[in-house]
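User: Hi! I'd like to walk through a protein model with you, one question at a time. Could you take a look and help me read it?

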Amino acid sequence: MGCFALLLVPAAAYLHSAVRKDAFVRIENRQLYLPTRLNTANTAHRRRHAVSAFTAVVLSSAWVDVVLASAIAGDASLQRYSDENSRLTDRAAQKLLESGIQMASKGADPETQTRDEAMLRKAEERFTLLVDEVAPSYAGGYANRANVRVALGDYSAALRDYDECLRLAPLAPDAWLTRLNRGSTLLALGRNEEALLDLQQSVTLSKNEAIALLGRSSAFHAMGQW
C-alpha cells in the first residue's frame with residue numbers, strides 16, 4: 001500500500017528521535033512525524049493503576065502473538081483477502097491517491113514540525129473521495145486518511161480509519177506499521193492497555209523492527225514500567 005509517511009511517536013519517546021532517524025530510511029523512505037502536543041492528562045492517575053493492568057495486558061499480548069502467528073501461518077483465504085484489498089489497479093484511483101499523498105507530504109513537515117492545515121484538509125478530502133466513491137475496499141486509502149487526521153490532531157477519527165484499514169487488510173506487508181500508528185494514537189488518547197496490544201503485535205509482525213520496539217517501550221513507559 002502506498003502511504004503518506006507518518007509515524008506517530010508518543011511524547012515519552014520524543015528525545016530519542018534524533019538518534020533513531022536512521023531506522024526509518026529502511027521503511028520505504030518513510031519519515032518521522034512527531035506531533036508537538038499529545039494528551040498527557042491524568043498521568044499520575046493512570047500510573048496508580050498501571051501495575052495490575054500491565055500484568056493483564058502482558059498475558060493478553062502473549063495470547064495475541066500466538067493467535068496472530070497462527071493466522072499468518074495458516075489462513076490462506078485471509079491472506080488473499082488482505083492482498084486484494086492492498087492493491088489499487090484503477091488508474092483514476094491511483095492518481096487520486098498520489099495527489100492526496102503529495103498534498104499530505106506538503107502539509108506536514110517532520111523536520112520543522114510545522115503543519116499546513118489547509119493543505120492537510122485538501123489531502124483529507126482526496127482520501128475521503130477515494131474511500132467513499134472510488135475504491136472503498138482499498139485499505140491504503142484509510143491508512144492515508146488516518147495519518148492525515150493524526151497530523152490534524154483528530155485522533156478519534158484516525159482510529160476509525162486505522163480500524164477499517166486493518167479489517168480490510170489484516171495481513172498486509174505493512175500491517176505492522178498500521179498497528180504501530182494505531183497503538184501510538186491510542187497512547188496519545190491515554191488508552192495505554194489497548195495501545196500495548198497493538199504495539200506488541202507491531203513488534204511481532206515486523207520481526208522486532210527498531211521503531212516498533214521503540215513504540216512498545218513508550219507504552220511500557222506510559223504504564224509506569226520503566
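User: Thanks for looking. In which loop does Asn 208 lie?

Analyst: Happy to help, and please keep in mind that this is a predicted model. Asn 208 has a positive phi of about 70 degrees, although it is not a glycine. As for its place in the chain, Asn 208 lies in the loop between H10 and H11.

User: Lys 207 is in that stretch too. Is Lys 207 buried or exposed?

Analyst: Lys 207 is found in the loop between H10 and helix H11, which spans 210-222. Its backbone has a positive phi of about 60 degrees, although Lys 207 is not a glycine. Exposed means over 50% relative accessible area. Lys 207 has a value of 70%, so the residue is exposed.

User: Let's move back into the helix. How far apart in space are Thr 204 and Trp 176, C-alpha to C-alpha?

Analyst: Thr 204 has its place in helix H10. With a relative accessible area of 30%, Thr 204 is partly exposed. In sequence, Thr 204 and Trp 176 are 28 residues apart, while from C-alpha to C-alpha the distance in space is 8.0 Å.

User: How do H9 and H10 run relative to each other, roughly parallel or roughly antiparallel?

Analyst: Helix H9 covers residues 175-188 and helix H10 covers residues 192-206; they pack at an angle of about 160 degrees, with their axes 8 Å apart. Their crossing is left-handed. Angles over 145 degrees count as roughly antiparallel. H9 and H10 are therefore roughly antiparallel.

User: Which residues does the contact of H9 with H10 have by class, nonpolar, polar and charged?

Analyst: On the H9 side, the contact is made by residues including Trp 176, Leu 180, Gly 183 and Leu 187, and on the H10 side by residues including Ala 195, Asp 198, Leu 199 and Leu 205. Sorted by class, the contact has eight nonpolar, six polar and four charged residues.

User: H9 also packs with H8. How far apart are the axes of H8 and H9?

Analyst: The contact between them is worth a look along the way. Helix H8 takes up residues 155-168, and it packs with H9 at an angle of about 155 degrees. That angle makes H8 roughly antiparallel to H9. Their crossing is left-handed, and the axes of H8 and H9 are 10 Å apart.

User: How do the residues of the contact of H8 with H9 divide?

Analyst: From H8, the contact includes Tyr 155, Leu 159, Tyr 162 and Cys 165, and from H9 it includes Thr 178, Arg 182 and Leu 186. The residues of this contact divide into eight nonpolar, three polar and three charged.

User: Now the pair H5 and H6. In which handedness of crossing does H5 pass H6, left-handed or right-handed?

Analyst: Helix H5 (residues 91-107) and helix H6 (residues 117-134) pack at about 155 degrees, with their axes 8 Å apart. H5 and H6 are therefore roughly antiparallel to each other. Among the residues in contact are Leu 96, Gly 100 and Met 103 of H5, together with Leu 120, Phe 127 and Leu 130 of H6. The crossing in which H5 passes H6 is left-handed.

User: Finally, a wider view. What share of the residues in the protein is buried?

Analyst: The protein has eleven helices and two strands. Its exposed surface is about 11,100 Å², with carbon and sulfur atoms supplying 52% of that area. Of the 226 residues in the protein, the buried share is 50%.

Notes. Residues are numbered from 1 along each chain as its sequence is written. This is a predicted model: local features need pLDDT of at least 70, side-chain atom pairs count only at pLDDT 80 or more; totals for chains, interfaces and linings use all residues. Side-chain values use heavy atoms; hydrogens and water are left out. Axes are lines fitted to C-alpha atoms, for helices over the stretch in contact, and angles run from 0 to 180 degrees between N-to-C directions. Helices (H or I, at least four residues) and strands (E, at least two) are DSSP runs, numbered from the N terminus. Angles under 35 degrees count as roughly parallel, over 145 as roughly antiparallel, 65 to 115 as roughly perpendicular and the rest as oblique. A crossing is left-handed if the near helix is turned anticlockwise from the far one by less than a right angle, and right-handed if clockwise. Contact means heavy atoms within 4.5 Å. Buried means under 20% relative accessible area, exposed over 50%, partly exposed in between (1.4 Å probe, protein chains only). Accessible areas come from the Shrake-Rupley method with a 1.4 Å probe; for residues, only the protein chains shown count as cover. Ala, Val, Leu, Ile, Met, Phe, Trp, Tyr, Cys and Pro count as nonpolar, Asp, Glu, Lys and Arg as charged, and the others, Gly among them, as polar.
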